[in-house]
Amino acid sequence: MSEFGERLRQLRKQNKITQRQLAERVGIDFTYISKIESGTMDPPAEDKIIKMAQILHVESEELILSAKKVPTSFQKVITENKDVPVFLRKASELSPEQWRKIKGIIGEEEGGEES
């Protein structure tokens, strides 16, 4: 099962929504939901993932990233800021301590600085 499929099943059950109900609300066939959850089909397009996220009460970026896709909202930041590609190239080399510092700076960790 894919990370996306696992997460989708978990969120769906957490929200007490059947595959059929989710499919109906998203506008896709329920068998597709079953195949996504079992890992036999790839995740749907971003617009469908966004609808799923809304129905399942989760941030759309989280669900899009679990589908191994780059959210459209991130694409603009990546392509319009020359420093982002430089950072991304170096990101894989950062230590856990450096990541903690970055998370603190952006306010994603307790004790992080807030603007």
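# Working through the helices of a predicted model

Student: What does glutamine 75 count as, judged by relative accessibility?
Tutor: The relative accessibility of glutamine 75 is 38% in this predicted model. Buried means under 20%, and exposed means over 50%. The value falls in between, so glutamine 75 counts as partly exposed.

Student: Where is the place of glutamine 75, and what separates the C-alpha atoms of glutamine 75 and phenylalanine 4?
Tutor: Glutamine 75 sits in helix H6, residues 72–80. Along the chain, glutamine 75 and phenylalanine 4 are 71 residues apart. In space, their C-alpha atoms are separated by 20 Å.

Student: Now the core. Which residues touch the most other members of the largest nonpolar core?
Tutor: This core holds 20 residues. In soluble globular proteins, nonpolar side chains tend to be buried together. Here the members touching the most others are Phe4, Leu8, Leu22, Ile28, Ile33, Met52 and Leu63.

Student: Which element gives the largest share of this core?
Tutor: The elements giving two or more residues are helices H1 (3–14), H2 (19–26), H3 (30–38), H4 (46–56) and H5 (60–66). The largest share is five residues. Those five come from H4.

Student: Leave out residues up to four places away in sequence. What does leucine 22 touch?
Tutor: Leucine 22 is among the core residues that touch the most other members. Its contacts, with those sequence neighbours not counted, are Leu8, Arg12, Ile17, Ile33, Met52, Ile55 and Leu56.

Student: Is arginine 12 buried or exposed?
Tutor: Arginine 12 is in helix H1. Its relative accessibility is 7%. The cut-off for buried is under 20%. Because 7% falls below that, arginine 12 counts as buried.

Student: Which residues is arginine 12 in contact with, leaving aside neighbours within four places in sequence?
Tutor: Leu22 is one of the residues in contact with arginine 12. Glu37 is also included. The full set is Ile17, Thr18, Gln19, Leu22, Glu37 and Leu56.

Student: How far apart in space are arginine 12 and isoleucine 55?
Tutor: In sequence, arginine 12 and isoleucine 55 are 43 residues apart. In space, C-alpha to C-alpha, the distance is 9.0 Å.

Student: The axes of H1 and H4 cross. How does H1 run relative to H4?
Tutor: The axes come within 10 Å and cross at roughly 30°. Angles under 35 degrees count as roughly parallel. That is why H1 is described, relative to H4, as roughly parallel.

Student: How do the residues of the contact of H1 with H4 divide?
Tutor: H1 brings Phe4, Leu8, Leu11 and Arg12, and H4 brings Ile49, Met52 and Leu56. The crossing is left-handed. The contact residues divide into six nonpolar, no polar and one charged.

Student: And H2 with H4? How is H2 set relative to H4?
Tutor: The axes of H2 and H4 come within 9 Å and cross at roughly 125°. Roughly perpendicular covers 65 to 115, and roughly antiparallel starts over 145. The angle fits neither range, so H2 relative to H4 is oblique.

Student: How do the residues of the contact of H2 with H4 divide?
Tutor: H2 and H4 make a right-handed crossing. Leu22, Arg25 and Val26 of H2 meet Lys48, Lys51, Met52, Ile55 and Leu56 of H4. By class, there are five nonpolar, no polar and three charged.

Student: What classes has the contact of H2 with H3?
Tutor: These axes come within 8 Å and cross at roughly 115°. The residues are Gln19, Arg20, Leu22 and Ala23 of H2 and Phe30, Ile33, Ser34 and Glu37 of H3. The classes are four nonpolar, two polar and two charged.

Student: What is the phi of lysine 16?
Tutor: Lysine 16 is in the loop between H1 and H2. Its relative accessible area is 74%, so lysine 16 is exposed. Most residues other than glycine have a negative phi. Lysine 16 has a positive phi, of about 55°.

Student: Which loop does histidine 57 lie in?
Tutor: Histidine 57 has a positive phi near 60°. At 66% relative accessibility, histidine 57 counts as exposed. The loop is the one between H4 and H5.

Terms used
Residues numbered from 1 in each chain as written. Predicted model: local features only at pLDDT ≥ 70, side-chain atom pairs only at ≥ 80, totals over all residues. Heavy atoms only, no water. Core = buried A, V, L, I, M, F, W, Y, C linked by side-chain atoms within 4.5 Å. Buried < 20%, exposed > 50% of the residue type's maximum accessible area, 1.4 Å probe, protein only. Helix = DSSP H or I, 4+ residues; strand = E, 2+ residues; numbered from the N terminus. Contact = heavy atoms within 4.5 Å. Axes fitted to C-alpha atoms, helices over the stretch in contact; angles between N-to-C directions. Left-handed = near helix turned anticlockwise from the far one by under 90°. Nonpolar A, V, L, I, M, F, W, Y, C, P; charged D, E, K, R; others polar.
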